[in-house]
Protein chains: 2
Amino acid sequence: MAVGTRDRIMDAALRLFVEQGVAATPVTAIEAASGLSPGSGSFYRHFGNKQDLLTAVVEREMAKARKDPATQVSAARPGELPADVLARQIRADLDFLRDLEPLMIVLMWERGRAPEVAGRVQEVMVERGIELGVADLLTSVPAAAVADDPAAAAGVMMSAVVGYFLNVHYFGSEPAGVGADRFATTLARLLTGR
Amino acid sequence: MAVGTRDRIMDAALRLFVEQGVAATPVTAIEAASGLSPGSGSFYRHFGNKQDLLTAVVEREMAKARKDPATQVSAARPGELPADVLARQIRADLDFLRDLEPLMIVLMWERGRAPEVAGRVQEVMVERGIELGVADLLTSVPAAAVADDPAAAAGVMMSAVVGYFLNVHYFGSEPAGVGADRFATTLARLLTGR
DNA sequence: GTCTATATTGGGATAGAC
DNA sequence: GTCTATCCCAATATAGAC
């Protein structure tokens with residue numbers, strides 16, 4: 001990884017973009033963080049401009065996150081409780097979000113100026129949210145509130161997962177000191193009515 | 001409202017900051033949007049620099065949100081079900097977040113460069129979350145998952161509310177098409193085990 | 001493929017007339 | 001308190017030597 005200068009530039013740029021935003025990160029700073037001489041145009045031997053770099057970084061990060069086996073949910077074991085299956089699901093979703101974390105932060109910053117790219121990420125998220133979490137939720141859960149309005153329960157679950165993730169990122173600490181495992185277990189129990 | 005030039009500058013600046021971020025908003029653009037001549041330094045008759053303006057805007061918006069009676073929860077009516085009280089609580093929290101929406105967006109963008117200001121907003125949020133939502137939750141809810149780990153349940157509730165709000169903001173639509181009332185009702189029912 | 005050097009633009013900020 | 005005019009610097013991007 002990060003063998004060539006092009007990759008080093010992408011690594012350094014993503015880090016800087018996350019820390020201070022794209023607009024506030026000058027090309028000179030990217031050069032310096034990539035081991036190039038700041039102010040030299042050496043950056044431009046690798047990318048046409050900062051926008052091209054952003055596009056390339058987005059492509060690379062999304063490809064990485066989709067391939068990562070750690071964010072795939074393993075199949076339910078026979079006899080496993082619905083609450084436990086759901087808790088594993090939720091932890092996998094949090095892992096998936098953590099994989100995409102730098103990208104999400106950058107795109108939330110840049111959504112106004114790169115709407116088509118933000119749209120693609122949204123598709124990946126929604127696709128995953130719908131296909132995995134919601135499908136499991138609708139089939140295996142007997143709780144009254146879920147049965148009455150499964151779509152709303154799915155919305156609550158997705159909101160809670162995304163909200164937990166963003167709480168941790170933006171405030172730098174877990175909400176009410178609750179770690180990922182406790183969060184996943186409690187949310188799963190609430191959804192399954194146990 | 002917005003009688004003097006100073007107020008018009010703050011209104012215009014907040015709008016532009018939300019749309020494109022602080023770093024990407026030149027003072028020239030703020031002048032233009034405030035009815036001043038762009039490029040003239042007239043802005044500097046009212047604020048020392050852009051950072052001073054940001055600070056003033058944050059102060060003003062936080063003072064407004066704290067005073068707004070629409071975001072205060074009315075007392076529980078006698079005989080009202082815990083789930084209904086909690087649902088009203090959740091709707092009030094969403095109103096509170098919507099009141100603070102522009103400020104939150106700007107501060108999430110700027111958190112790296114204005115950490116002390118972001119810290120103050122966090123305090124207000126946490127204070128409100130703890131004092132209102134969590135206190136009610138702990139006292140009035142008999143659900144097993146809540147009784148077993150009240151702090152985790154409170155974390156789930158806060159995460160869900162914040163996540164719902166941010167989903168709506170960033171993706172421009174309600175998660176799974178679920179509106180605020182349905183969301184609040186479902187989350188309250190899940191938490192109260194009804 | 002990186003360097004030094006530089007042209008050029010855009011935005012931050014000030015001076016002084018009105 | 002707003003204007004015109006201007007200074008200054010930071011950032012984008014290019015040219016050409018090595």
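User: What makes the approach of A:Gly41 to a base oxygen of DNA strand D a polar contact?

Analyst: In this predicted model, a polar backbone atom of A:Gly41 is 3.3 Å from a base oxygen of DNA strand D. A polar contact is a pair of N or O atoms within 3.5 Å, and the 3.3 Å of A:Gly41 therefore meets that limit.

User: Which side chains have a polar atom 3.4 Å from a phosphate oxygen of DNA strand D?

Analyst: A polar side-chain atom of A:Lys50 lies 3.4 Å from a phosphate oxygen of the strand, and a polar side-chain atom of B:Ser42 also lies 3.4 Å from a phosphate oxygen of DNA strand D. Because the cut-off for a polar contact is 3.5 Å, the pair made by A:Lys50 counts as one, and the pair made by B:Ser42 counts as well.

User: How do you know which residues surround DNA strand D, and what kinds of residue are they?

Analyst: A residue is near the strand if one of its heavy atoms lies within 4 Å of it, and 17 residues surround DNA strand D, the closest being B:Thr5, B:Ser37, B:Ser40, B:Arg45 and B:His46. By class, this surface divides into four nonpolar, 10 polar and three charged residues. On the DNA side, 63% of the strand D atoms within 4 Å of the protein belong to sugar or phosphate, and the rest belong to bases.

User: Which residues come nearest to DNA strand C, and which polar contacts are found there?

Analyst: Of the 17 residues around DNA strand C, the nearest are A:Thr5, A:Ser40, A:Arg45, A:His46 and B:Val27. A backbone N or O atom of A:Gly39 lies 3.4 Å from a base nitrogen of this strand, while an N or O atom in the side chain of A:Arg45 is 3.4 Å from a base oxygen. The side chain of B:Lys50 has an N or O atom 3.4 Å from a phosphate oxygen of DNA strand C. Of the strand C atoms within 4 Å of the protein, 64% belong to sugar or phosphate and the rest to bases, and the residues of the surface near the strand divide into four nonpolar, 10 polar and three charged.

User: Why is the arrangement of chain A and chain B called the relation of a two-fold axis?

Analyst: Chain A can be laid on chain B with an RMSD of 0.2 Å by a turn of 180° and a shift of 0.0 Å along the axis, which is why the relation is that of a two-fold axis. The same surface serves both copies, with 98% of the contact residues of chain A recurring in chain B.

User: Why are helices H1 and H3 of chain A called roughly perpendicular?

Analyst: Helix H1 (residues 5-20) and helix H3 (residues 50-67) of chain A pack at an angle of about 95°, with their axes 10 Å apart. Because angles of 65 to 115 degrees count as roughly perpendicular, H1(A) is described in that way relative to H3(A). Among the residues making the contact are A:Ile9, A:Leu14 and A:Phe17 of H1(A) and A:Leu53, A:Val57 and A:Arg60 of H3(A). By class, the contact has nine nonpolar, no polar and six charged residues.

User: Where is B:Leu36 found, and what is it in contact with?

Analyst: B:Leu36 is found in the loop between helix H2 (27-33) and helix H3 (50-67) of chain B. Leaving aside neighbours within four places in sequence, B:Leu36 is in contact with B:Thr5, B:Ile9, B:Glu31, B:Ser42 and B:Phe43. B:Thr5 is 31 residues apart from B:Leu36 along the chain, and their C-alpha atoms are separated by 8.9 Å.

Definitions and conventions
Residues numbered from 1 in each chain as written. Chains lettered and ligands numbered in written order. Predicted model: local features only at pLDDT ≥ 70, side-chain atom pairs only at ≥ 80, totals over all residues. Heavy atoms only, no water. Polar contact = N/O pair within 3.5 Å; in protein donor to acceptor, adjacent residues only side chain to side chain. Nonpolar A, V, L, I, M, F, W, Y, C, P; charged D, E, K, R; others polar. Least-squares fit on C-alpha atoms with pLDDT ≥ 70 in both. Contact = heavy atoms within 4.5 Å. Axes fitted to C-alpha atoms, helices over the stretch in contact; angles between N-to-C directions. Helix = DSSP H or I, 4+ residues; strand = E, 2+ residues; numbered from the N terminus. Parallel < 35°, antiparallel > 145°, perpendicular 65-115°, else oblique.
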